[in-house]
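Let's take a friendly walk through this fold, starting with the empty space inside and moving outward to the parts around it. Keep the structure open beside you as you read.

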Amino acid sequence: RVAALFRAVLLQAPDAICLQEVVRELAESVRSHSELNRVYLVSKCDVGACGCIMLLAKNMDSNPSWAV
């Protein structure tokens with residue numbers, strides 16, 4: 001399911017993605033995925049056991065130090 005999520009995100013190419021109920025393993029997969037990181041800035045917050053992360057398209061970012 002993670003691979004399908006990544007394919008869908010890259011195919012649809014939304015400007016922003018908000019994921020909730022993210023477990024640590026998924027957060028690590030998102031943060032280590034080279035293609036996602038080429039296109040998106042990924043929030044650096046600690047998800048703990050289950051949390052939220054956001055991805056923002058780099059072409060939408062006017063502040064390269066963006067982090068949530």
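The largest cavity in this predicted model holds about 40 Å³ of space. A search of the whole structure finds one cavity of 30 Å³ or more. Which residues line the largest cavity? They are Leu5, Phe6, Val9, Ile17, Leu19, Val30, Leu36 and Leu55. H1 gives the largest share of this lining, three residues, and both H1 and E1 supply at least two residues each.

Next comes the packing around that space. In the largest nonpolar core there are 15 residues, and Val22, Val30, Tyr40 and Leu55 have the most contacts inside it. The table lists the elements that give two or more residues to this core.

| Element | Type | Residues |
|---|---|---|
| H1 | helix | 2-12 |
| E1 | strand | 16-22 |
| H2 | helix | 24-32 |
| E2 | strand | 40-42 |
| E3 | strand | 51-57 |

Two names turn up in both places: Val30 and Leu55 line the largest cavity, and Val30 and Leu55 are also among the core residues with the most contacts. As a general point, nonpolar side chains in soluble globular proteins tend to be buried together.

Now for the sheet. Three strands make an open sheet in the order E1-E3-E2, with antiparallel pairing. E1 and E2 are the edge strands, each pairing on one side only. From one strand to the next, the twist averages 20°. Five bridges join E1 to E3, and these two strands run antiparallel. If you would like a place to look, find Ala16, which stands opposite Leu56 in E3. H2 packs on the sheet and touches E1, E2 and E3, its direction making about 15° with that of E3.

Tyr40 deserves a closer look. This residue lies in strand E2. Is Tyr40 buried or exposed? Tyr40 has a relative accessible area of 1%, and the cut-off for buried is under 20%, so Tyr40 counts as buried. Setting aside residues up to four places away in sequence, Tyr40 touches Val9, Ala13, Pro14, Asp15, Ile17, Leu55, Leu56, Ala57 and Lys58. Among these partners, Val9, Ile17 and Leu55 also belong to the lining of the largest cavity. For a sense of distance, Tyr40 and Met54 are 14 residues apart in sequence, with their C-alpha atoms 9.3 Å apart in space.

Conventions:
Residues numbered from 1 in each chain as written. Predicted model: local features only at pLDDT ≥ 70, side-chain atom pairs only at ≥ 80, totals over all residues. Heavy atoms only, no water. Core = buried A, V, L, I, M, F, W, Y, C linked by side-chain atoms within 4.5 Å. Buried < 20%, exposed > 50% of the residue type's maximum accessible area, 1.4 Å probe, protein only. Helix = DSSP H or I, 4+ residues; strand = E, 2+ residues; numbered from the N terminus. Contact = heavy atoms within 4.5 Å. Pairing = 2+ DSSP bridges. Axes fitted to C-alpha atoms, helices over the stretch in contact; angles between N-to-C directions. 1 Å grid on protein atoms, 1.4 Å probe; cavity = no way out; pocket = protein on both sides within 12 Å on 5 of 7 lines; lining within 4 Å. Points joined across faces, edges and corners; volume = space filled by probe spheres on them.
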